[in-house]
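User: I would like a close look at a single part of this model, followed by one connected account of what can be said about that part.

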Amino acid sequence: MSDQPSANIQLSSSAVAEEKRLRNTRLGLLAPGILTIFCIGIMPLSIVLVYSFLEPGDFGGVSWVLSFDAYVQLLFEEDIFDETLSFTTDYLQIFLRSVSLGLFTTIACLLVGFPTAYFIATQPPARRNAWLFLITIPFWTNLLIRTYAMLLILRDQGIINLALIEIGLIDRAIPLLYTDFAVCLGLVYAYLPFMVLPIFASLEKLDFRLVEASYDLYATRFKVLKRIIIPLAKPGIAAGCILVLIPSLGAFITPALLGGGKSLMIGNLIELQFGQARNWPFGSAIALVLMVLVMLSLMTYLRYGTTRKGAPGHG
Amino acid sequence: MSDQTATAAIDIRETSKIYGRDRESGVVALDQVSLAIRDNEFFTLLGPSGCGKTTLLRLIAGFEQPTHGEILLFGQHLEGLPPYKRPVNTVFQHYALFPHMTVAENISFGLEMLDTPATQISSTVKEVLGLVQMEHLANRKTDQLSGGQQQRVALARALAPKPKVLLLDEPLSALDFKLRKEMQVELKRLQNETGITFIFVTHDQEEALTMSDRVAVMRDGLILQVGNPRDIYDRPAKRFVADFIGDINILKGRILSKNGAQAMVKLNAGYQGTAGLPAETDSLGDEVSIAIRPEQLSFASGAGPEHLSGSIQHISYFGSGFDYEIVMPTGETIMLQLQNRGAGDHAYAVGDQARIAISENSMQILAD
């Protein structure tokens with residue numbers, strides 16, 4: 001009877017040891033994942049975060065002095081002489097232009113991408129892969145080269161203008177290059193596959209017997225699209241929109257080449273700060289603000305945009 | 001007959017459906033089928049898979065267009081009308097319920113598409129939910145329902161717009177045995193209550209016999225026989241029909257004389273008696289196939305007449321009865337089925353010599 005408690009203690013201490021061993025094993029197995037996330041996710045972002053609160057170094061880089069100047073600079077302009085601050089919308093306008101151009105790009109991608117994805121999804125399975133292959137082929141060429149190709153198409157002596165003059169529709173070349181239209185077109189071209197692929201994935205899973213059933217229940221083609229196909233393809237559409245919007249917000253090669261540097265985008269602004277302007281903290285601050293804005297709008301979408309009416313009841 | 005054609009719910013005239021370029025290189029799914037389905041009828045298209053029954057249903061629904069021929073709905077031509085312009089609804093084999101809608105939303109879908117006023121929609125939805133006993137699940141998502149419940153929702157959804165004809169494409173095939181039995185009764189009740197013409201497609205002969213007012217047996221794109229279940233079972237016109245529905249003995253014999261729909265036949269095995277005669281008749285004296293259902297045979301009792309005889313080769317017991325396989329002197333094997341009426345009944349054993357009696361009027365001559 002007397003050795004009973006000690007046995008209990010022994011048991012529990014060995015249980016604790018076992019628990020500890022298990023935890024270490026688990027940690028060991030998770031280590032590669034954790035390390036990867038840390039190295040490619042958390043660490044670079046932390047550097048950006050820290051840099052945004054420092055002062056710019058004289059020849060690029062940063063000097064380790066705490067400062068909120070980078071964020072203040074986004075909204076206020078410092079007078080060169082008396083160092084007073086006055087409100088400025090210069091950078092806000094760049095944000096606004098980028099966001100609206102990004103939205104336009106996303107909408108255009110959706111308008112082109114959805115029918116494309118639908119077409120591919122309704123092809124016989126053997127032919128689908130060939131179409132998907134064609135969609136992804138441009139990816140294999142460097143974006144810079146493809147953007148230059150776009151430049152050749154759009155310029156005054158490009159094939160569009162030459163063709164239009166040849167037919168006699170116009171007398172002089174219409175300026176296509178170095179416009180917002182050119183930037184938008186370039187972005188649509190660059191990011192269209194990101195829209196097509198997720199929408200295709202969700203349309204491919206769509207049960208076309210549901211389409212037949214809705215035809216049977218007096219739905220016209222348009223109603224079938226609106227009430228059945230689009231709602232069921234919604235996850236793919238949402239994924240596609242996110243995948244197009246986010247990179248086009250931060251794009252800088254396409255706006256730089258096709259926009260001709262006339263209309264500055266966030267991407268160009270950031271690039272500028274790390275390049276010629278040598279203001280790394282300000283570049284970091286812009287990048288972070290952009291990230292937070294995107295994150296907030298995504299979270300809002302996830303919270304309010306995905307809940308449908310008539311959610312499943314309990315009982 | 002012409003009177004019935006005039007008021008037919010569905011009138012199919014010489015309709016063919018050929019997949020591919022033409023008759024020679026393509027697949028003939030339906031071959032010049034003519035069929036009139038009456039109003040307020042529970043009509044079943046019965047046949048093995050690939051016989052064209054589902055094709056016929058899809059032609060009526062409008063998912064496919066006939067290659068030749070015409071289809072009329074209460075006298076109105078349906079050719080060229082898309083499915084959404086036909087007052088016909090379908091219950092699909094795998095239900096095809098909209099997964100992003102609740103039960104009630106599924107059911108109101110067809111009514112919304114017809115621009116029915118909202119108040120009427122809600123009252124109709126309530127009514128059909130009551131009809132299929134699903135009121136309590138109106139706000140469930142369809143993926144939270146069991147197979148039987150989904151089946152009921154599919155039915156309610158197709159009934160809600162009050163179609164003139166309801167098409168059912170093997171709706172019970174995905175259900176388990178017990179549920180299937182329940183739904184058979186349920187379907188028959190719904191058809192009675194709504195008065196809508198039901199066209200039911202199945203490969204299950206028992207389902208066809210229990211529910212239908214009339215059955216069309218199909219094979220290879222042709223309709224072999226149309227009739228009420230008793231006709232189809234007791235008086236099969238063709239060998240395939242006899243074979244496909246239930247168990248049957250097919251014996252060889254000769255026609256001695258004909259008298260309308262009856263004929264005097266003599267079986268090669270010896271018995272002479274009257275048999276039903278289908279319309280396309282074999283000539284006198286030729287050898288014909290004569291069908292007898294196993295349950296129309298019995299063991300001749302002591303003084304009773306003996307029609308056939310043979311030795312028992314095999315006995316199988318299946319709960320509610322026994323099957324006896326008997327080899328006759330002609331070499332033909334005949335199956336005899338007895339109800340299980342108690343232990344004393346099972347008097348014969350393998351190897352015994354058996355005397356067999358045939359019920360009155362139970363033989364049927366088959367056309368090939």
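Which residue just after helix 4 of chain B takes a positive phi? Please take the helix itself into the account as well.

Analyst: The model is a predicted one, and what follows is to be read with that in mind. Just after helix 4 of chain B, the residue with a positive phi is Gln133(B), at about 60°. The helix that precedes Gln133(B) runs over residues 118–131 and has 14 residues, and the distance from its first C-alpha to its last is 20 Å, close to the 20 Å expected at 1.5 Å a residue.

As to its surroundings, the buried residues of helix 4 of chain B are Ile121(B), Thr124(B), Val125(B), Val128(B) and Leu129(B). These residues lie on the same side of helix 4 of chain B, because they cover an arc of only 135° around the axis. An α-helix has 3.6 residues a turn, so residues three or four places apart point the same way. The partners of this buried side are helix 3 (103–113) and helix 5 (147–159) of chain B, against which the buried residues of helix 4 of chain B pack. On the face turned away from the buried side, helix 4 of chain B carries the exposed residues Thr119(B), Gln120(B), Ser123(B) and Gly130(B).

Taken together, helix 4 of chain B has one face with exposed residues, turned away from its buried side, while its buried residues pack against two helices of chain B, helix 3 and helix 5, and the positive phi of Gln133(B) comes just after the helix.

Technical notes. Residues are numbered from 1 along each chain as its sequence is written. Chains are lettered from A and ligands numbered from 1 in the order in which they are written. This is a predicted model: local features need pLDDT of at least 70, side-chain atom pairs count only at pLDDT 80 or more; totals for chains, interfaces and linings use all residues. Helices (H or I, at least four residues) and strands (E, at least two) are DSSP runs, numbered from the N terminus. The expected span of a helix is 1.5 Å times one less than its number of residues. A residue is buried if 20 or more other C-beta atoms lie within 10 Å of its own, exposed if 12 or fewer, and partly exposed in between; C-beta atoms are placed from the backbone. The arc is that of the directions from the helix axis to the C-beta atoms. Two residues are in contact if their C-beta atoms, placed from the backbone, lie within 7 Å.
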